[in-house]
Structures are given as structure tokens and as C-alpha cells.
Amino acid sequence: MKETVFSGVKPTSIPHIGNYIGALRQWVELQKDYNCYYCIVDDHAITVPQDPKMLREQIYAIAATYLAVGIDPKKSTLFLQSDVAQHTELGWLLMTQTKMGELSRMTQYKDKSKKTGSESAGVGLFAYPVLMAADILLYDTNKVPVGHDQMQHIEFTRFLARRFNEKFGQTFVLPQPLIQKVGARIMSLKDPSKKMSKSDESGAGTIMLTDEDDVIQKKIMRAVTDSTAGISYDPEKKPAVSNLMSIYHHVTGDTMKKIEDDFGGKGYGDFKKALAEVLIAHLSPIRTKINEYLKNPKELNKILDEGFEKAHPIAEKKVRAVKDKMGLAR
Ligand code: TYM
């Protein structure tokens, strides 16, 4: 029997090339050998304020993106988290098994709540890793392909699952993260000490999958570089150019050695020009497909309905088993 893969993207904006290189590209490959669940995790999006109209548009944008990058609904289960109520139900059941201190230690919560202070941080934001654990554990997931920033959440999921199994008897499979060696942390083009992020305010540090060719060109040409010259891969000493090389590597398949050989004697300007060219060639067909899918919401709804039909019975069975173990079921 095939092993199970689960992963998701929050519909808080159009995905960027960090999401694509760190997560989505792996998902496409995994479809060959695994039973894959790819979820649009909208319940997670509302842990921070959202405009309802925009949120709904972004849900469709993520569905269109999944299809445009090559997720095949005939092979994989593509669905919307809030359609399957068992995600929030298992989230609650697991929350009762979680300690405040365990969640206070999560780095993403610490970072995000710094802005508002913990008194004003949402309870949903605080409890978010438990909902993520529920997403993963509902489907007996073996592998979770994600970027590096999700590592701590997956470790927490394993910890929670192990403790539940010890207390109530074998119930959950312990999942493993699948994190790539290069590209698991694509950095901002404007500040290579920060990860590329949907919440980058100016947008100049982030390339969205729907950016037009000229916008991609501009953002790459204006990307910051390092103080020392030369194209060589050294994320510690040359974080900016190493980040650009990671993107180049993912788009072309060239090794770092080949990129160093090809551009070794050249300046940053030449390398950026070449990067913009290969990136545009790679992203423009994806952008065209996203726009085509977005014109056909009926088709997207049909795919999400079919995904629901496949995911729901599995999730329902797992929640019934959990409730039974905990003494809730009649
Ligand atoms: P989200 O929506 O922030 O990001 C989606 C995926 O993109 C990866 N990623 C990156 N990878 C490389 N470089 C970057 N700069 C970069 N930025 C984002 C993320 O690691 C992620 O894999 N909590 C999750 C969503 C989630 C989930 C789940 C994931 C909810 N339930 C269950 C896996 C399994 C999140 O906020 O991802």
C-alpha cells in the first residue's frame, strides 16, 4: 500500500516562489509514489484578520495554483479544509491534550505575537499548531512536504501524537517532515536575513506566482547583493547571491557547481539578467494556467467537491476512533 502525504497552503494571498520552491514543487513529484492530500487550509487563514470577500477569492486562487503547478485531481485529493469539519473537531480534541507552555514556545507564535503583544494576540493564532497537527493526524499521514519554517510544527505534531498514543492506546501515525536541502528557505530579495513572505509590505522582496514578466524582471534586477563580488554558493558569507542561486538551481536543475562555473567570471548584473530570463520562462506558463482556471470557478468547485467526497469519510472515521478512545462516543 502507498504511504500517505499531507500538506497545505494558507489562502492569505497568492502563493510566492518561496511557497512554490519550498513546498508545491515537491508535492507534484510526490504524486507518483504516494497517496496525497493537498489541502487549502482556510481555517488557518483566519488566525489573523481577513477580509471575507478577499479570503474567498484567495481560496479559489490557491485551488487554481495547485492545478496550475501540476497537482492532478485524478491522482491526489485536493480539498478545502473548512469543508471537512473534522479538522476543527480533532483540533479541539487535541487542544484538550495540549499545555499552554508547549504552544508558548512555538517560534512562529512568538514572532507574530511580538507585533501586538501576547494580551492582544488571537487565541486562534496561539492554538494554530494544534489545528495543524489535527490536519496531519486525521489522514494517518506518513510524510509532510513543507518549507523549513514548518519544521517545529511537525515536531510538535509528532510529540502530541506520541503522547496521545501513550495515554489512550495506538491511534495516530507519527508523521515525518520532508524538507529539501536547497530551497527550503527562500529568502526575501530585499533582505536575505528574512524569509520570503506573503506579508512583505512593499512586495519588492517577494515574487508572486502571478507577477507579470516585467515585474519579475524588475524585482530580480533590484534584488540586493552581497558586499563581496563573485557568484559562489555560501549561504553564511554570501546570503543574497546564494539565495538567488537557489532559485536559479530550482528553475533550471543546474547544480551549484555548474552555476559557479557558468557565471564565475561574470558580475551580479549578468547573473541577475540570466536568472530573470529563466524564471520568467518557468513562471509565465504557470501564470497563464492560474488565470485560465480562475475563469472557471464551476470546474474548481467540482474538483473541490470531489476532494471533499474522498477526504471526508477518512476524517470522519479517525475522529470517531479518537472520540471512542477518549470516552466521548456513545
Ligand atoms: P504557509 O501557507 O505559510 O506556506 C505554505 C508552504 O510554503 C512554505 N514556505 C516556504 N518555503 C521556502 N521558502 C519560503 N520563504 C517559504 N515560505 C513559505 C511553507 O513552509 C509551507 O510548506 N502552517 C502552514 C500551513 C499548514 C500545513 C498544515 C502544512 C496548515 N496545516 C498541515 C502542512 C501540513 C503554513 O502556514 O504554510
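**View 1. Two domains and the gap between their centres.** The C-alpha centres of domain 1 and domain 2 lie 31 Å apart. The bounds, from an automatic or database domain assignment, put domain 1 at 4-183 + 296-326 and domain 2 at 213-291. Keep in mind that this is a predicted model: local features need pLDDT of at least 70, side-chain atom pairs count only at pLDDT 80 or more, and totals for chains, interfaces and linings use all residues. Residues are numbered from 1 along each chain as its sequence is written, and side-chain values use heavy atoms, with hydrogens and water left out.

**View 2. Where the domains touch.** Here 11 residues of domain 1 are in contact (heavy atoms within 4.5 Å) with 13 residues of domain 2. Together the two domains bury about 1,000 Å² (accessible area lost on being put together, 1.4 Å probe, summed over both), and 72% of that is on carbon and sulfur atoms. Look for I17, A68 and V182: they supply 45% of the area that domain 1 buries against domain 2, more than any other three residues.

**View 3. The shell around the ligand.** The ligand is surrounded by 28 residues (a heavy atom within 4 Å), and the closest are K10, Y128, D135, D149 and I186. β1 (4-9), α1 (17-30) and α7 (123-137) each chip in at least two shell residues; helices (H or I, at least four residues) and strands (E, at least two) are DSSP runs, numbered from the N terminus.

**View 4. Polar atoms up against the ligand.** D149 has a polar side-chain atom 2.4 Å from a ligand oxygen atom, and K198 has one 2.9 Å from a ligand oxygen atom. I186 uses its backbone instead, with an N or O atom 2.7 Å from a ligand nitrogen atom.

Key. Polar contact = N/O pair within 3.5 Å; in protein donor to acceptor, adjacent residues only side chain to side chain.
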